Amino acid sequence: MAVRRLSSLLSRALSSASSSKLLSQGRSVSRFSSTAAASEELITPPVHIEHTKLLINGQFVDSASGKTFPTYDPRTGEVIAHVAEGDAEDINRAVAAARKAFDEGPWPKMSAYERSRILLRFADLVEKHSEELAALETWNNGKPFVQASQAELPMVVRLLHYYAGWADKIHGLTVPADGPYHVQTLHEPIGVAGQIIPWNFPLLMFVWKVGPALACGNTIVLKSAEQTPLTALYVAKLFQEAGLPPGVLNVVSGYGPTAGAALASHMDVDKVAFTGSTDTGKIILELAAKSNLKSVTLELGGKSPFIICKDADIDHAVELAHFALFFNQGQCCCAGSRTFVHEHVYDEFLEKAKARALKRTVGDPFKKGIEQGPQIDSEQFQKVLKYIKSGVESDATLECGGERFGSKGYFIQPTVFSNVQDDMLIAQDEIFGPVQSILKFKEIDEVVRRANSTRFGLAAGVFTKNIDTANTLTRALRAGTVWVNCFDVFDAAIPFGGYKMSGIGREKGIYSLHNYLQVKAVVTPLKNPAWL
């Protein structure tokens with residue numbers, strides 16, 4: 001099974017593309033030229049938007065209220081399309097369809113092999129339409145097209161193949177008992193799964209949720225993020241073409257306080273899975289508990305340490321730390337957003353990290369050679385700028401960036417702070433933007449204590465040539481994933497999830513199947529057994 005490392009995939013893609021003009025830089029606080037972004041002509045995405053209605057019981061329908069909401073192009077802030085706005089009534093309709101499909105429909109009674117074949121047909125259709133899907137993802141989200149098309153879409157297809165392979169390998173056990181009894185365990189689908197996905201990786205998160213739930217025989221009501229509803233509706237249509245029975249997958253676009261809350265608190269939903277902020281995750285957990293005590297999986301925020309030891313290859317470490325933070329415009333839950341550098345190599349690292357940030361190409365994500373597109377929307381744009389202001393006011397040293405890039409859209413200059421202290425907001429809060437905070441450390445015990453002094457525990461990075469140092473850090477860091485001399489290595493089989501307030505449960509791999517199964521013990525008396 002090939003492990004897909006995003007940094008290497010994107011490096012190859014960008015190096016093969018025609019490079020765009022590098023941004024000019026000055027001295028003191030180095031600034032970026034915004035002329036290119038202000039004057040460049042944007043590329044018109046080569047995709048036609050066909051699906052803007054809710055998918056309920058196999059039909060694309062208007063919302064019960066008839067309301068729609070706009071979805072935007074983050075390059076300009078202009079409306080791309082108006083999408084049906086689902087609310088509690090639409091969630092009720094979708095849950096009723098999913099319940100009927102589970103209780104009476106063919107899906108859970110279908111052989112696991114046939115479910116696998118439908119998932120494989122869907123994977124083939126996604127691969128066939130990957131260029132349109134990548135274009136739609138970039139248009140609605142702002143991520144570089146090369147990232148969407150050459151890294152994320154292949155991952156989506158691989159994940160679907162992985163879960164299709166699991167469908168007919170889910171089984172229970174025969175358990176020996178102290179007495180004349182035949183005991184077996186059954187692994188049964190949990191029922192109707194409510195799923196709420198985020199806006200930073202819409203298609204990948206769709207498959208992280210839908211893949212294991214369907215492989216286990218469940219039915220689904222999925223709420224897409226209001227910022228990025230378009231690709232979920234597109235692939236929902238492809239699922240129909242693959243032969244998924246009506247009601248098995250229902251997709252409702254809408255807002256969190258209405259559609260999302262209704263789904264999390266619905267009495268006929270058996271399980272809810274959510275990816276997003278920690279604050280919203282708390283609300284989901286509370287709603288699930290106050291309704292029918294449904295089981296909950298949460299993949300939440302992070303403030304991941306990236307630790308660069310004194311024996312590190314600095315050039316390699318600079319590039320990897322840069323990728324760990326700036327990938328996807330910094331809008332990544334596991335971003336290496338606290339860069340701890342040993343004091344012996346701190347000055348060298350800082351100068352090279354600053355130079356790398358100044359060379360980062362920002363602009364229209366559809367253009368070749370562009371590494372960074374816009375933030376998702378005005379709210380996130382303003383939030384990032386607020387944190388940058390906080391860093392300056394806290395006396396961290398602004399090495400470069402710190403301002404808007406261009407005159408329209410939600411572009412922000414790649415920003416680097418040095419002399420960052422642990423008690424600063426930029427070192428504590430999840431910024432979710434292109435802001436690198438570089439901190440200095442002396443001893444391994446010290447950096448372990450500081451790295452763990454956070455409410456989050458999603459991921460961490462360790463950069464060292466010493467295997468003993470690596471072993472010490474990987475066991476001491478309280479995080480769900482620790483990457484050693486690499487970062488953002490994702491694979492269908494590698495579990496992903498957090499410690500502490502970074503979530504509950506794991507996505508991907510065999511562990512994700514446990515989220516969508518119930519274990520039943522069946523005990524039968526044995527009369528005159530030949531053996532026990």
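Two strands are counted as paired if DSSP finds at least two bridges between them, and this criterion is met by S6 and strand S7 (residues 181-189), which pair in the antiparallel sense over 2 bridges. All the views below show a predicted model.

**View 1. An open sheet of 3 strands, in the order S6-S7-S22.** The pairing in this open sheet, with the order S6-S7-S22, is antiparallel. Strand S6 (174-175) and strand S22 (517-525) stand at the edges with a single partner strand each, so one side of each is left without a neighbour in the sheet. Where S6 meets S7, Val175 has Val183 of S7 as its bridge partner.

**View 2. Strand S14 (residues 338-342) and the residues that make up its two faces.** This strand is mostly covered, with 5 of its 5 residues buried. Arg338, Phe340 and His342 lie on one side and Thr339 and Val341 on the other, and because these residues are all buried, both faces of S14 are covered.

**View 3. The strands that pair with S14.** Strand S13 (residues 305-308) pairs with S14 in the parallel sense over 4 bridges, and within this pairing Phe340 of S14 is the bridge partner of Ile307. S14 also pairs in the parallel sense with strand S17 (residues 435-441), over 5 bridges, and here the bridge partner of Arg338 is Ser437 in S17. Together with helix H11 (residues 314-326), the strands S13 and S14 make a right-handed β-α-β unit.

**View 4. Cys216 in the loop between helix H7 (202-215) and strand S9 (219-224).** Cys216 is placed in this loop, between H7 and S9. The relative accessible area of Cys216 is 4%, and Cys216 is therefore classed as buried, the cut-off for that term being under 20%. When neighbours within four places in sequence are left aside, the residues in contact with Cys216 are Arg115, Ile170, Pro189, Leu513, Tyr516 and Leu517. Leu439, by comparison, is 223 residues from Cys216 along the chain, and the C-alpha atoms of these two residues are separated by 45 Å.

**View 5. His51 in the loop between helix H2 (35-39) and strand S2 (54-56).** His51 has its place in the loop that runs between H2 and S2. With a relative accessible area of 17%, His51 is buried, since the term applies under 20%. Apart from neighbours within four places in sequence, His51 is in contact with Phe60, Leu230, Leu233, Tyr234 and Lys237.

Terms used: Residues numbered from 1 in each chain as written. Predicted model: local features only at pLDDT ≥ 70, side-chain atom pairs only at ≥ 80, totals over all residues. Heavy atoms only, no water. Buried < 20%, exposed > 50% of the residue type's maximum accessible area, 1.4 Å probe, protein only. Contact = heavy atoms within 4.5 Å. Right-handed = clockwise from strand over helix to strand, strands pointing away.
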